[in-house]
Amino acid sequence: MRRRDFLVGLLGTAGTGALSAAEPNKVYRLAVCSQDGMENFARTFWRVLFNRLAQIGFTEGKNLIVDRYATEGRPERYEEVARKMVQTKPDAIALGFDHQMILKVAKETTTIPIIATFGDPVAAGIVKNMARPERNITGVSLDAGIEMQGKHLELLHQAVPTASRIAYLSNRAEWEGAWGQAVRDAGQRSKVSIIGISMERSAGEPEYRQAFETMAQQSVQALMANGLPPNSEHRELILQLAMKHGLPTITWWTDLVENEPVFLAYAPDWPYYFGRWADDVGQALNGVAPADIPIQQPTKLILAINLKTAKALGLTIPPTLLASTDEVIE
């Protein structure tokens, strides 16, 4: 059994070559935005960002001013928050995993570097060229391409080959866009019925509980939950409800595999790529143009299986799938 500390790399993340260290005697300004409330800045990926920036010489309270904003999961606030971020004229803007918010900020400025984490930024319509982004946006894709939706379905079907009706839990925009289409196409190839369960960006616990009741009514046998908002803010709830309803589920949350009822998770090595994102923010603070910072796409992917959860669901993982697993929790 391999166990990986999710926080490995929090302070020691490899960069992409020579890093842009802070210039002496200069004060930098960075705007950051939480997908939810201000308490979200305590989450791991923001800690990775600020710790890594401090490593390369950008220290809040010393030579770095950080303006924090929060959308509180309310799309109607995106435009207002985006405008406020741009009005402070920061040296760079760092955004988390919310395609709609990234696009909204991009409408407010074509000059301030926006350094973001995305799913597939090409599929999301954010950029056309990842190697040399043509807009003022760059960062790190946390999706190895839109085809990862099909890979998630393939892995789940290997683990639960009898499942012929599989739900796809997603925000409405992504279900109606490239992500949903990729899953539907993969379902047709695998001869599996995909049941779209779409959530509004503002969805909370009542809406998620209702979504699982809908899955039960539609005789869903397994679940794919993508990693985009609002799922990312309700990860633990999704996993708990999946267990309550007896649904084998594949998610993107490899960091929860030891402490929550994760069944399958397949995703990039999160701390490593958040560290790469922080390095990109450092480059942008020092004036490197986004076009000169290629958008990085994961090559380090982790497949994790929790056998305790499998047993609780009454499932036996095929040996061929176990053999390809990076982490097995027994």
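I looked up Ser-219 to begin with: Ser-219 is partly exposed, with a relative accessible area of 46%. Here I take buried to mean under 20% relative accessible area, exposed over 50%, and partly exposed in between, with a 1.4 Å probe and protein chains only. Ser-219 has a positive phi of about 55 degrees, although it is not a glycine. I found Ser-219 in the loop between H7 and S8; helices (H or I, at least four residues) and strands (E, at least two) are DSSP runs, numbered from the N terminus.

I note that this is a predicted model, in which local features need pLDDT of at least 70, side-chain atom pairs count only at pLDDT 80 or more, and totals for chains, interfaces and linings use all residues. Residues are numbered from 1 along each chain as its sequence is written, and side-chain values use heavy atoms, with hydrogens and water left out.

**Entry: Lys-191 and Arg-189**

I next turned to Lys-191, which is not a glycine and yet has a positive phi of about 55 degrees. Its place is the loop between helix H6 (178-190) and strand S7 (193-199). I recorded Lys-191 as exposed, at a relative accessible area of 73%.

Arg-189 lies in helix H6. Arg-189 also counts as exposed, at 62% relative accessibility. I looked up its separation from Gly-150: the two are 39 residues apart along the chain, and their C-alpha atoms are separated by 9.4 Å.

**Entry: the loop between S8 and H8**

I then read the loop between S8 and H8, where Leu-228 has its place. Leu-228 is buried, with a relative accessible area of 4%. Leaving out residues up to four places away in sequence, Leu-228 touches Phe-97, His-99, Asn-171, Glu-174 and Trp-179; contact means heavy atoms within 4.5 Å. From Leu-228 to Pro-75 I noted 153 residues in sequence and 14 Å in space, C-alpha to C-alpha.

Pro-230 lies in the loop between S8 and H8 as well. The peptide bond from Pro-229 to Pro-230 is cis, with omega near 0 degrees.

**Entry: Arg-201**

Which residues does Arg-201 touch, not counting those up to four places away in sequence? I listed Gln-35, Gly-73, Pro-75, Tyr-78, Asp-98, Pro-229, Pro-230 and Glu-233. Both prolines of the cis peptide bond, Pro-229 and Pro-230, are thus in the list for Arg-201. Arg-201 is found in the loop between S7 and H7. Arg-201 is buried, with a relative accessible area of 10%. The C-alpha atoms of Arg-201 and Gln-100 are separated by 9.8 Å, while the two residues are 101 apart along the chain.

**Entry: helix H8**

I examined helix H8 (residues 235-244), whose buried residues are Arg-235, Leu-237, Ile-238, Leu-239, Leu-241 and Ala-242. Against what do the buried residues of H8 pack? They pack against strand S6 (165-171), helix H7 (205-217), strand S8 (222-225) and strand S9 (249-251). Just after H8, Gly-246 takes a positive phi of about 65 degrees.

**Entry: the nonpolar core**

I looked up the largest nonpolar core, which has 111 residues; those with the most contacts inside it are Leu-30, Leu-49, Met-85, Leu-169 and Trp-277. The largest share of this core, nine residues, comes from helix H9 (residues 270-285). Such a core is a set of buried Ala, Val, Leu, Ile, Met, Phe, Trp, Tyr and Cys residues joined through side-chain atoms within 4.5 Å. In soluble globular proteins, nonpolar side chains tend to be buried together.

For Met-85, leaving aside neighbours within four places in sequence, I noted contacts with Ala-31, Val-32, Cys-33, Tyr-69, Pro-90, Ile-93, Leu-95, Met-101 and Val-105.

**Entry: the whole chain**

I closed with the chain as a whole, whose secondary structure comes to eleven helices and twelve strands. Of its 330 residues, 58% count as buried. Its C-alpha atoms fill a box of roughly 60 × 40 × 35 Å, taken along the principal axes. Among contacts between residues at least 6 apart in sequence, 70% join residues at least 24 apart.
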